[in-house]
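Got the viewer open? Let's take a walk through this protein one selection at a time, starting with charged residues and moving on to rings.

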Amino acid sequence: MNIIMENITFKELNLREEIIRAIDELGFEEPTPIQKSAIPHMLAGKDIIGQAQTGTGKTAAFGMPVINNIDSDVKDPQALILAPTRELAIQVADELRKYGKHIRGAKTLAVYGGQPIERQIKALKAGVQIIVGTPGRLLDHIRRKTIKLGSIKTVILDEADQMLDMGFLEDIEDILKETPKDRQTVLFSATMPKEIERLARNYQRDPQKIKVVHEKLTVPSIEQYYFEVKAREKQEVLCRVLDMEKENLSVIFCRTKKGVDELVECLQSRGYFAEGIHGDLKQTQRDRVMKKFRDGTIEVLIATDVAARGIDVENVAMVINYDIPEDYEYYVHRIGRTGRAGKGGVAYTFVTAKQIRLLKSIEKYIKSRIIRKTIPTLNDLAERQRELFSQRIVKAIEEGHLGAYTAMIEQLAEEYSSIDIAAALAKIVMDKNRVDIDEEKGNSLENTGAKESGMVRLFLNIGSRDHIKVGDIVGAIANETKISGDSIGAIDMFDKYAFVELPADKAENAIKQMNKMRIKGKKIKVEPANGR
Ligand code: ADP
Ligand code: MG
């Protein structure tokens, strides 16, 4: 039975003093519901099957007790945590290190594919008590006997449903079979499909069932809206919404991999910094996309449910359900990608007339309202553009250094009202911006959005799908222009295009040279990037 305990504190959960101290330093006020119900069972060594959405604090729910129960005198691994992806394995290991920072002899290591195995073997030899890993790599270590399982007391499957979706069932079973029979087996999953129940039946003993569905750390701060759209209007509406909400980062969800690919293509061709992730991509490719998303090189991430689940990126201001999810729980997971770390967020769902009923049932399930919004009109967009422009003006005024311009305006003001002068200026600048996008000649070198000072950022119409690598671009520039390889700045590769940063004083010449050259036989077009 799941015991509900109100207002219980971390102290009352009987965790070691060192862990309580770490919790205080992290500023956690009280355990989350899943922590309240899981930690006592975890400490008692019971098997657990826990269902809770992302963001409910599952890592601490199993992580704190695991650290608590480590015997520091034993140098062999005592707990094994399985996670679906390298990214999540690293996240869990980081989180555990925070909770265990005042405890000596509770070392945590993450092992995953993609990293040289020798490096991991060396770290393992040094003595590690808690191992977090992806199933494939863990099994590899177990077969090489570089991970000894004799002292394992606890095995945890984190994000079990996602691991199954990714085809890890067999590896998981192989690992479980190799671990001591009297182990504690803990299973956490956002959803409970049949296969998970089967795993529980075969590998757990009298598991405690814990389910937390509605109480989340994050949901209350997310505003939820829907747009009623016709299927063929969806792309256009999406672009309008993206333009209206020029916020930090957005995640867009599609139901299928094909849908993701199509939308990536559509948005990239319209000039958005967008990329997609889905199950067909290799882990390294996904990591690359996630890194770009995290550091802001791309602003729009398009994903399937499976690929995006569990990924914790702060500053996601907007989630768009381009395709409405068919599973209610997916809806909650999806919108949970925004509003992380207590920040606000907004979620939009696209629904066709036929899907309104599905939306209403989601509303009922989540027990909160999803409010209808009208599709932004072109007028709304123009208005928004003016608003953004006003913000730029205010910023320029606040930054000062306007002396030279003030004199010019004062002169004009002898004949015209300052309002008219300013409005005329706005018209000139904003209309010019609009023309810029289509103009053959393109942008100036003034504002290219380079990350480094003294550099300009250039756009190249070739990318990784032309089988071009960073090295090819560096080589071509070094050979064909006066710029040496080591003064070339950041290069960002995308599917169909790339950006390269070059020293500002040499850029103009370099552009001329580069526009004459070919890379891997392909003629290229180079122009200053549009520094948005
Ligand atoms: P889940 O695995 O359920 O998706 P996490 O364990 O990753 O969730 O926790 C989500 C976030 O909440 C993390 O940043 C974590 O540090 C934070 N967190 C966990 N427990 C608490 C708590 N009791 N109080 C405040 N924040 C917490
Ligand atoms: Mg988690």
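Select R143 to begin. This is a predicted model, and in it R143 counts as exposed, with a relative accessibility of 58%. Now add D174 to the selection: the two form a salt bridge, with their closest N and O atoms 3.4 Å apart. R143 belongs to helix α6 (residues 135–144) and D174 to helix α8, so this pair ties together parts that are 31 residues apart in sequence. D174 counts as partly exposed, at 23% relative accessibility.

How many salt bridges are there in the count? The total comes to 33, so let's drop in on a few others, using the rule that a Lys or Arg side-chain nitrogen lies within 4 Å of an Asp or Glu carboxyl oxygen.

Jump to R369 and E363. Their closest N and O atoms are 3.8 Å apart, and they form a salt bridge. Colour the two by accessibility and you'll find R369 exposed, with a relative accessible area of 60%, whereas E363 counts as buried at 12%. If you'd like to see several partners at once, select K451, R457, D492 and E501: salt bridges with shared partners join them into one network. Then go to K525 and E527, another salt bridge, with 3.1 Å between the closest N and O atoms. K525 is partly exposed, its relative accessible area being 37%.

Next comes a charged residue without a salt bridge. Pick R183, in the loop between α8 (169–178) and β6 (184–189). Is R183 buried or exposed? R183 is buried, and D47, the nearest side chain of opposite charge, is 6.4 Å away. A salt bridge needs the nitrogen and oxygen within 4 Å, so a gap of 6.4 Å leaves R183 without one. What the side chain of R183 does have is a polar contact with the side chain of T179, at 3.1 Å. Show the surroundings too: leaving aside residues up to four places away in sequence, R183 touches D47, I152, K153, V155, L176, Y203 and R205.

Time for rings. The count of aromatic pairs comes to 12. Select F494 and F499, an edge-to-face pair with 6.0 Å from centre to centre and 90 degrees between the planes. F494 is buried, with a relative accessible area of 1%, and F499 is buried as well, at 4%. Now add Y497, which pairs edge-to-face with F499 at 5.8 Å centre to centre, the planes 75 degrees apart. Y497 is buried, just as F499 is. Before you leave F494, show K292: this lysine lies over the face of the F494 ring, 4.3 Å from the ring centre.

For a bigger group of rings, select Y225, F227, Y322, Y348 and F350, which ring pairs link into a cluster. Which residue has its charged end over the ring of Y322? Show K234: its charged end sits there, 4.9 Å from the ring centre.

Finally, zoom out to the whole chain. Its C-alpha atoms fill a box of roughly 85 × 55 × 45 Å along the principal axes. Switch to cartoon view for the 20 helices and 20 strands. Of the 532 residues, 49% are buried. Turn on contacts with a separation of 6 or more, and 75% of them are between residues 24 or more positions apart.

Definitions and conventions
Residues numbered from 1 in each chain as written. Chains lettered and ligands numbered in written order. Predicted model: local features only at pLDDT ≥ 70, side-chain atom pairs only at ≥ 80, totals over all residues. Heavy atoms only, no water. Phe/Tyr/Trp six-rings, centres within 6.5 Å; stacked < 30°, edge-to-face > 60°. Buried < 20%, exposed > 50% of the residue type's maximum accessible area, 1.4 Å probe, protein only. Lys NZ or Arg CZ within 6 Å of the ring centre and 35° of its normal. Helix = DSSP H or I, 4+ residues; strand = E, 2+ residues; numbered from the N terminus. Lys, Arg positive; Asp, Glu negative; His and termini not counted. Polar contact = N/O pair within 3.5 Å; in protein donor to acceptor, adjacent residues only side chain to side chain. Contact = heavy atoms within 4.5 Å.
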